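Please look over the chain below. The report that goes with it deals with its overall make-up, its charge pairs and a few surface sites.

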Amino acid sequence: MGVCRGRRRLLAALAVLFVPALAWIYLSAVGFQVRSFSLTPLEPLSSSAAEGAGERQALELRVRAVEEENRALRRELSRAPKTLARTGLNQELNQSPDQNHEISNRTRSQTLSRSRGKAQSEEGTGDSEALRGGLRGAHRGANGSDCSQQPVVDKCETIHVAIVCAGYNASRDVVTLVKSVLFHRRNPLHFHFITDSIAQKILSSLFTSWMVPAVRVNFYDGDELKSEVSWIPNKHYSGIYGLMKLVLTKTLPSALQKVIVLDTDITFATDIAELWAVFHKFKAQQVLGLVENQSDWYLGNLWKNHRPWPALGRGFNTGVILLLLDRLRKLRWEQMWRLTAERELMGMLSTSLADQDIFNAVIKQNPFMVYPLPCYWNVQLSDHTRSEKCYKDVSDLKVIHWNSPKKLRVKNKHVEFFRNLYLTFLEYDGNLLRRELFGCPSEPDLNTEKLQRTLSELDEDDPCYEFRRERFTVHRTHLYYLHYDYTPSPDRTDVTLVAQLSMDRLQMLEAICKHWDGPISLALYLSDAEAQQFLRYAQGSEVLLSRANVGYHIVYKEGQFYPVNLLRNVAMREVQTPYMFLSDIDFLPMYGLYEYLRRSVLQLDMSHSKKALVVPAFETLRYRLSFPKSKAELLSQLDMGTLFTFRYHVWTKGHAPTNFAKWRTSTTPYRVQWEPDFEPYVMVSSSTPEYDRRFVGFGWNKVAHIMELDAQEYEFVVLPNAYMIHMPHAPSFDITKFRSNKQYRACLQTLKEEFQQNMSRRYGFAALKYMTADNNS
């Protein structure tokens with residue numbers, strides 16, 4: 001204790017121990033029997049002890065008085081330096097008597113509560129000591145080695161986190177932030193997202209499919225809040241959503257008392273519970289926990305005529321905020337920041353750093369509101385940053401803030417370390433974060449319980465168990481991984497190309513975008529690390545960057561099978577046009593097919609009939625092909641042997657019903673009948689049934705879907721001037737398993753028979769033809 005607090009406090013501590021010792025010596029000298037004290041009335045005295053009742057009561061009062069003195073001395077030990085103590089005292093003296101009484105009661109209850117915790121058994125760990133430690137860390141610039149322990153967060157206490165997120169790119173950034181928080185966390189989490197409609201759709205789908213135990217998510221419509229801040233001119237790149245933190249007291253539930261507010265470009269290097277514990281250190285009037293700004297922005301000396309908003313010293317950065325919502329509401333925060341903003345905007349005309357300017361202007365007028373957080377809770381890598389002065393060693397850091405438009409390209413001598421830490425979470429397998437919290441039972445989730453019951457009913461001794469289990473696997477899904485921009489066509493004829501792919505087919509994307517002008521919906525089956533490779537590929541491709549109407553939906557890898565029909569369903573669900581062309585990624589549509597299909601919608605009256613328009617499929621064995629620009633050129637290549645009808649030599653039944661001989665000479669659409677194993681590529685209404693998920697990997701995945709279309713009485717109509725060509729590639733892992741694994745083929749046959757039985761039950765007598773046709777084939 002002498003090392004940490006000095007000789008003077010050592011003497012005071014000895015006094016704390018010495019005074020009660022004298023009291024007990026005196027009590028024992030007069031024959032007082034020690035008894036445990038309670039808050040209940042004293043028990044009646046026996047008749048033999050009645051004589052000394054008055055004396056004993058006096059001694060008892062004296063002991064209690066000594067205990068009160070002990071508590072006062074402990075408070076003296078934990079008191080901050082004189083300048084801080086004087087500031088805090090003046091602030092408390094400015095309160096009304098009722099407020100002083102309330103503060104006193106709150107402080108007393110907090111002290112009693114902390115005294116029950118193991119970490120608070122050491123003397124001298126009160127609020128003043130915590131504040132002093134926080135300021136020391138903020139101004140000294142390192143973790144330091146305080147003797148006092150960090151306040152403890154209850155093991156299963158829920159930590160609330162608020163994040164403002166709008167748009168496609170911000171949604172992607174949020175995932176990395178959430179991963180870093182989940183990786184270190186030991187407590188239940190409740191995320192509060194203030195979003196636009198785009199981010200809500202993306203994040204809602206992501207968290208629903210992620211299924212992380214002990215994590216709750218709520219969304220708040222940012223579009224409804226725009227009117228609250230839209231009157232504030234803002235030059236910052238975050239736009240109007242950069243001002244949304246100002247209205248959190250009004251937006252978040254009134255019962256929520258405190259919350260950690262984070263920017264989307266934050267990376268955690270420690271358990272967020274450590275930051276949550278800092279709330280215990282706030283003094284009576286402190287309502288905001290902030291880290292000092294680590295650039296000279298608010299000092300106004302960055303360039304000539306630089307005129308920042310008013311701030312206290314260097315100002316504070318709002319990338320990480322501890323908000324005591326209940327106290328802020330009592331201070332009439334809404335009125336406070338609005339009046340300040342209106343006053344400052346008369347001279348400043350607009351904000352440069354969004355909400356941060358207004359927060360700092362309010363703090364300038366009311367410095368008592370801030371609890372200065374140690375700088376390692378928000379190491380800022382902005383332009384002109386002085387963050388290197390914050391820490392002595394990078395291992396001290398707890399939160400890294402990429403608060404620069406340049407993001408990972410900032411200048412800092414440790415930027416490589418910071419970048420590697422960020423990339424670690426960027427590429428970290430999010431499925432590993434689905435772990436249960438030890439000792440903290442999760443709240444019951446109906447979807448999770450239903451899934452567990454379903455899986456428990458499967459027979460693990462079944463040779464096809466892994467196939468059956470895959471049908472119920474929940475894959476983490478990130479919709480619209482890149483920016484998407486599509487305006488619906490008013491004539492209701494628009495068509496979206498639907499396909500799925502894995503990393504080994506990535507090279508097909510540019511070619512498909514050159515062949516198809518319309519909207520595209522793609523489901524990509526990738527690991528977290530592969531998703532980052534795809535991102536770099538897409539951002540480096542002029543062809544892909546020029547196309548904003550391509551929706552990329554990441555389905556993260558899990559399990560041993562390629563979930564081909566799940567991927568198709570994910571891509572189908574995100575189609576925003578009345579019609580969709582169901583293709584595969586290794587096919588190139590003919591030039592102009594998009595417009596041709598749109599014309600066919602009107603010519604064949606698709607809106608008033610159930611039709612599946614068949615696009616004949618061909619293939620080439622040449623990696624370099626002069627792609628035919630017309631039907632006549634394609635027929636010429638067929639005759640020369642450069643092209644073939646698709647799979648004619650290995651799977652004739654798959655496309656034989658298309659009747660290629662008739663197609664060669666046809667000039668008008670013609671109808672064909674369903675036949676066993678028919679699997680054409682078709683354009684259908686976007687309300688068409690989804691693919692059956694039981695079929696994974698290779699085999700029967702499209703066949704089953706076409707069979708169901710036939711059962712629903714779709715007409716198959718072949719388009720006479722449409723075609724698509726399959727490009728050669730190495731065989732997939734799944735087709736190799738199908739060809740080499742007898743059990744694989746046996747399970748596929750079992751699943752096929754079960755599907756046919758389901759069809760029979762679903763569609764009745766009309767579906768019997770599928771079973772008889774299969775038996776005759």
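What follows is a short report on this chain, from overall figures to single residues.

The model is predicted: local features need pLDDT of at least 70, side-chain atom pairs count only at pLDDT 80 or more, and totals for chains, interfaces and linings use all residues. Residues are numbered from 1 along each chain as its sequence is written, and side-chain values use heavy atoms, with hydrogens and water left out.

**Overall figures**

The chain has 28 helices and 23 strands. Both are DSSP runs numbered from the N terminus: helices are H or I with at least four residues, strands are E with at least two. Of the 777 residues, 54% count as buried. Buried means under 20% relative accessible area, exposed means over 50%, and partly exposed lies in between (1.4 Å probe, protein chains only). About 37,100 Å² of the chain is exposed, and carbon and sulfur atoms supply 52% of that area. Accessible areas come from the Shrake-Rupley method with a 1.4 Å probe; for residues, only the protein chains shown count as cover.

How do the contacts spread along the sequence? Among those between residues at least 6 apart, 79% join residues at least 24 apart. A contact means heavy atoms within 4.5 Å.

**Salt bridges**

How many salt bridges does the whole structure hold? A search finds 30. Each is a side-chain nitrogen of Lys or Arg within 4 Å of a carboxyl oxygen of Asp or Glu. Among them are these three.

| Pair | Closest N to O distance |
|---|---|
| R476 and D528 | 2.8 Å |
| R647 and E619 | 3.0 Å |
| E708 and R762 | 2.7 Å |

R476 pairs with D528. This pair links distant parts of the chain, 52 residues apart: R476 sits in the loop between α17 and β11 (477-478), D528 in helix α19 (residues 528-539). Both R476 and D528 are buried. They also belong to a network of salt bridges that links K179, D429, R476 and D528.

R647 meets E619 through their side chains. R647 lies in the loop between β19 (644-645) and α24 (660-665) and E619 in strand β18 (residues 617-619), so the pair ties together parts 28 residues apart in sequence. R647 is partly exposed, at 27% relative accessible area. E619 is buried, at 2%.

E708 forms its bridge with R762. Here helix α25 (residues 701-711) holds E708 and helix α27 (residues 742-763) holds R762, with the two positions 54 residues apart in sequence numbering. E708 counts as buried because its relative accessibility is 10%. R762 is partly exposed, at 45%.

**A negative patch**

Which residues gather in a patch of negative charge on the surface? They are D459, E460, D461 and E466. Patch residues have over 30% relative accessible area and no salt bridge, and like charges are joined within 9 Å. Asp and Glu count as negative, and the charge is placed at CG of Asp or CD of Glu. E460 lies in the loop between α16 (446-456) and α17 (465-470). It is exposed because its relative accessible area is 62%.

**Around R216**

R216 is found in strand β3 (residues 215-221). Is R216 buried or partly exposed? It is partly exposed, with a relative accessible area of 43%. Leaving aside residues up to four places away in sequence, R216 touches L189, H190, F191 and E443. R216 and F191 are 25 residues apart in sequence, and their C-alpha atoms are 6.2 Å apart in space.

Definitions and conventions. Patch = residues over 30% accessible without salt bridge, like charges linked within 9 Å, V, L, I, M, F, W, Y side chains within 5 Å.
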